[in-house]
Each structure stands twice: as C-alpha cells, then as structure tokens.
Amino acid sequence: MYLNHPRYGNTPITTNTPVTIEAIENAHWRYSSLKYFPNTVILADIKKQNYAIYPRALYVDIEEKCGTCSKAFIFFAQEQQYWFETLRFWVDSHCTHCFECRRHARYILTLRKRYDMLTSLANKTSGEKTQRKELANTLYCLGIIKNIRCIPACNF
C-alpha cells in the first residue's frame, strides 16, 4: 500500500509507547490534520530541535502523498527524529516527497552541479569536454535541458 523506504520499510513501525490521542495531537500543531499511526510514537528530545515557538514533543508515523509521483508513503517517526534532532531541520519542515523521488532529485542536482562546473571551466581538457557532452545528453534525456542544440560548444 505504501512505497518502500530502504531503511524503514513500507509499514508503520509499532513502538507501543503509551500516549493518548490527545497527547499526540497536542505534540505538534500539524498532527491533528494528518493521518497518523498512534501506536508508532517516539518521544522527542526537544533540546536537540530547532524551533521558533513550539517544539515537537513526540514523533509519530505519518501517511503522506508524494508531491512528485503522487504515491502514498510513510514519513516515519524514526526518520522525523533523525531530521529534527540529528540534521537539525526546523521542526515545522515537512517531508513532501517519497524517498525515491528525493533520491532522484539529488541525482539530478549532482549532475547539474558537475555540468555547471564543467561549463564554467575556461580551458577544458578533451576528457572534460567529453564528460560535459555526456552530462548534457543525460540531462536532456531526463528533460532537464529542453533544447540540446542551444548548448554552446556542445557540437551535437
């Protein structure tokens, strides 16, 4: 039913931490408007969070719909804990894309950065020119570059 996450799977991860529905919905302002799994609670360490006014008192697995592929996925409580306590994202940040779409976006970003770096080089070696052409072709095939003939010095 849910897309698979390589670390957490595709089903809610039960913790059976005894917390009431009221406590869950008061733990963060968004929880009351989301579909969540009440038996997946992980208590938060608010000293490790970045927040302006309200921290998250706990994390709970949340059902989401990917903004790219529109498939259902779970934003896991463990993943939220990692985002907000280890990576220190703002607690009001929210996961809007599934793991695979996030991975694909990072892949495209890596390709674009390498392409941009090669484009900015004044004196390219023949290997760098070849790699730039290959990257341009890949980005074109992915729909990132719309007109490959507009790329200067690509010689396609």
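The side chains of E63 and K35 come together in a salt bridge, 3.4 Å from N to O. That's a handy way into this predicted model, as the pair links distant parts of the chain, 28 residues apart. From there, this briefing moves through the other salt bridges, a buried threonine, the nonpolar cores, helix α4 and a few backbone angles.

**Salt bridges**

- The structure holds three salt bridges, and the E63–K35 pair is one of them.
- E63 sits in strand β3 (residues 62–65), while K35 belongs to the loop between α1 (21–27) and β1 (42–43).
- Neither end of that pair is buried: E63 is partly exposed, with a relative accessible area of 24%, and K35 counts as partly exposed too, at 44%.
- R102 pairs up with E79, and here the closest N and O atoms are 3.1 Å apart.
- R102 lies in helix α3 and E79 in helix α2 (residues 77–86), so this salt bridge ties together parts that are 23 residues apart in sequence.
- Both R102 and E79 are buried.
- E100 and R103 make another salt bridge, at 3.5 Å from N to O.
- This one stays inside a single helix: E100 and R103 both lie in α3, three residues apart, which is about one turn of the helix.
- E100 is partly exposed at 41% relative accessible area, and R103 is partly exposed at 39%.

**T40, a buried threonine in a loop**

- T40 is found in the loop between α1 and β1, the loop that also holds K35.
- Despite its loop position, T40 is buried, with a relative accessible area of 0%.
- Who are its neighbours? Setting aside residues within four places in sequence, T40 is in contact with P12, I13, T14, T15, Y59, V60, D61 and A77.
- I13 is 27 residues away from T40 along the chain, yet their C-alpha atoms are separated by 5.7 Å.
- D61 gets a polar contact: the side chain of T40 reaches the backbone nitrogen of D61 at 2.9 Å.

**The nonpolar cores**

- In soluble globular proteins, nonpolar side chains tend to be buried together.
- Here, the largest nonpolar core has 21 residues, and I24, Y31 and V60 are the ones that touch the most other members.
- Several elements chip in: α1, β2 (58–59), β4 and α2 each supply at least two residues of this core.
- The largest share, three residues, comes from α2.
- Not counting residues up to four places away in sequence, I24 touches V19, Y31, Y36, P38, V41, L58 and V60.
- Another core lies apart from this one; it has seven residues, among them L118, L135, A136 and L139.

**Helix α4**

- Helix α4 covers residues 126–141, 16 residues in all, and reaches 23 Å from its first C-alpha to its last. That is close to the 22 Å expected at 1.5 Å a residue.
- Its buried residues are R132, L135, A136 and L139.
- Why do they line one face of the helix? Seen down the axis of α4, the buried residues fall within an arc of 105 degrees, so they line one face.
- What does that buried side pack against? The buried residues of α4 pack against α3 (99–120).
- Three of those buried residues, L135, A136 and L139, also turn up in the seven-residue core.
- The face turned away from the buried side carries the exposed residues S126, E134 and C141.

**Backbone angles worth a look**

- Just after α4, G143 takes a positive phi of about 85 degrees.
- S70 has a positive phi of about 65 degrees even though it is not a glycine. S70 lies in the loop between β3 and β4 (72–75) and is partly exposed, at 44% relative accessibility.
- R88 is not a glycine either, and it has a positive phi of about 65 degrees. R88 is found in the loop between α2 and α3 and is partly exposed, with a relative accessible area of 37%.

Conventions: Residues numbered from 1 in each chain as written. Predicted model: local features only at pLDDT ≥ 70, side-chain atom pairs only at ≥ 80, totals over all residues. Heavy atoms only, no water. Helix = DSSP H or I, 4+ residues; strand = E, 2+ residues; numbered from the N terminus. Expected span 1.5 Å × (residues − 1). Buried < 20%, exposed > 50% of the residue type's maximum accessible area, 1.4 Å probe, protein only. Arc of directions from axis to C-beta. Contact = heavy atoms within 4.5 Å. Salt bridge = Lys/Arg side-chain N within 4 Å of Asp/Glu carboxyl O. Polar contact = N/O pair within 3.5 Å; in protein donor to acceptor, adjacent residues only side chain to side chain. Core = buried A, V, L, I, M, F, W, Y, C linked by side-chain atoms within 4.5 Å.
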